[in-house]
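Let's go through a ligand site and a few cysteines together, one question at a time.

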Amino acid sequence: MPVKLSDRLEKVRGMNDVLSAEYEAGEAILATLKHSFKSFGYHPLGVPVVEHTDLYLRKAGEDIISRLYDFTFQSRRLCLRPEMTASVIRAYIDNLQASALPVRLCYAGPVFRYEKPQRGRHRQFTQAGVELLGAAGPLADAEIIALACKSLDALGLPDYKLVLGHVGILSRFLEGLQLDSRLRDFLLTNIEVLRTQGPAAVCDRLPVLFPSLNQPEPQLPGLEGALAELDESSTRGMVLDLLKSMDIELDSFGRSPDEIVSRLAAKIKRRGHLRPRLDQALTFLSDLCRLTGAPAQVLQEAENLLAGYHLSLEPLHELRAIFETLTNYDLDPSRITLDLGLSRGLQYYTGMIFEIYHDSPGEESQLCGGGRYDDLVLTLGGRKSVPGCGFAYGLERIQLAMLDQQRIKIEPQAAQVLVIPVGSAESGYAIRTAEALRKAGLRVEFDVRGRSVTNNLQYANGQHIPFVVMAGSDELAAGLLRLKNMSTGAEQHLALADAVETILDTK
Ligand code: HAM
């Protein structure tokens with residue numbers, strides 16, 4: 001369709017212009033965060049905004065993949081980064097694998113997710129975060145958690161709450177059930193639905209992914225039904241006969257024929273018992289979601305629950321060690337709660353996970369998210385396994401929280417002085433004067449529109465510029481500046497150094 005010149009081009013929905021006052025407030029927040037990251041020895045790095053989509057397909061999980069800005073350019077499948085951890089790990093693998101461990105990295109920049117825009121939820125937003133690579137265990141976990149809290153303390157942001165969990169408990173339980181990996185991922189990404197709406201709501205979402213779940217259990221179809229009744233060796237025998245009868249060459253699959261038959265038999269048999277295992281998973285998940293509150297009490301209740309299911313207590317020992325280490329960081333313990341049903345949208349986590357909320361938990365009040373991911377370096381092609389953990393803040397959300405708490409004001413930062421050439425012949429002198437004032441450290445505007453003195457004074461008033469310097473031939477001859485204080489109207493003839501002092505001393 002031909003475009004009319006008068007057609008106004010609108011900005012893309014969910015992507016915002018950030019005007020100067022707000023931008024400067026954001027820069028000030030970022031400067032404080034970067035200072036805090038550096039005080040813990042983190043080194044800044046930059047990574048590209050555009051990555052190969054495959055970087056996220058490998059481990060980020062359905063939740064993020066469904067929100068990717070994904071496109072094909074010159075036959076390459078690319079995307080706008082939806083977060084920065086995967087990019088930082090790719091950059092580590094590309095450039096830093098020979099570095100001494102641990103490697104501490106920090107970053108800030110725009111990320112993109114196709115979401116429903118609302119207050120505090122944008123399609124382009126800014127993340128600032130850190131990644132600590134090459135250290136497993138509570139010392140590293142506690143450093144990351146403490147840094148996430150302390151940087152908010154440095155901003156003077158009160159009333160935040162840290163919620164800590166551990167993905168190891170649930171993932172070990174689901175592994176034990178040998179669920180199909182799609183079903184496992186589905187459950188992990190729907191914990192919030194389970195928590196807020198109950199198991200029935202989770203089941204309602206399942207048929208699209210697993211239509212067979214709609215069928216009542218006794219009516220298992222054909223092969224699955226027959227195998228459900230057999231013991232293990234008979235099942236293997238039946239699968240082997242079946243494969244032979246189909247003339248399938250078992251040597252050509254890269255695994256031993258024995259292994260192939262065992263895996264196939266186990267898989268077919270498992271599918272036959274999906275519903276009871278799903279119910280078990282939902283019951284365990286519901287129990288886990290109830291374990292939330294003060295750490296000491298939750299850890300005790302969790303021990304009872306896990307012992308009842310004969311599950312390893314290792315994740316609980318890890319959490320206990322993290323809490324003990326955190327006591328050395330001078331953090332307010334009442335800010336921290338334990339929530340063993342906590343889940344994150346990203347699938348690469350392997351250990352402790354955490355989120356920081358402002359006020360009560362809710363999506364747009366989530367200021368920060370992070371956790372441990374010990375498999376990501378290998379998954380993304382690293383030479384050897386390198387454990388990692390980190391976190392990222394959403395800067396726009398921090399800014400909103402600080403505004404709500406009146407910790408920052410969004411107001412434009414005016415220049416401190418406006419320099420006006422009294423006549424066109426004096427513009428060279430006026431420029432030199434403006435330059436001298438800038439060299440002395442002031443923010444200086446120069447009149448480039450050639451306005452009259454009266455119009456310039458009106459402009460200075462409107463822009464809240466507190467001082468005006470009028471550069472005319474008399475001042476040039478005397479080697480002095482004519483300085484006008486815009487709030488009192490007082491004018492003085494001063495040497496440059498005195499004028500600077502007067503401007504700096506005036507509040
Ligand atoms: P995430 O929780 O997905 O974690 O994002 C981090 C933060 O970005 C959130 O806590 C939230 O403040 C902010 N955020 C998320 N979505 C939006 C949105 N649509 N609009 C505005 N802000 C948003 C990660 O991205 C992980 N890479 C964090 C990490 C680093 N884990 C380990 N290392």
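Here come some questions, each with its answer. This is a predicted model, where local features need pLDDT of at least 70, side-chain atom pairs count only at pLDDT 80 or more, and totals for chains, interfaces and linings use all residues. Residues are numbered from 1 along each chain as its sequence is written, and side-chain values use heavy atoms, leaving out hydrogens and water.

Me: How many residues surround the ligand?
Reply: A residue is near the ligand if one of its heavy atoms lies within 4 Å of it. Glu-83, Glu-115, Arg-344, Tyr-349 and Gln-366 are the closest. The number of residues in the shell is 27.

Me: Which strand gives the most to the shell around the ligand?
Reply: Strands here are DSSP runs (E, at least two residues), numbered from the N terminus. E6 (124-133), E11 (366-372) and E12 (388-394) each supply at least two residues of the shell. With six residues, the one that gives the most is E11.

Me: How far is a polar side-chain atom of Arg-344 from an oxygen atom of the ligand?
Reply: A polar contact is a pair of N or O atoms within 3.5 Å. A backbone N or O atom of Leu-367 lies 3.2 Å from a ligand oxygen. For the side chain of Arg-344, the distance is 2.3 Å.

Me: Which cysteine sulfur is nearest to that of Cys-389?
Reply: A disulfide needs two cysteine sulfur atoms within 2.5 Å, and the structure holds zero of them. The nearest sulfur to Cys-389 is 12 Å away, and it belongs to Cys-368.

Definitions and conventions: A polar contact is a pair of N or O atoms within 3.5 Å; within protein, one must be able to donate a hydrogen and the other to accept it, and residues adjacent in sequence count only if both atoms are side-chain atoms. Helices (H or I, at least four residues) and strands (E, at least two) are DSSP runs, numbered from the N terminus.
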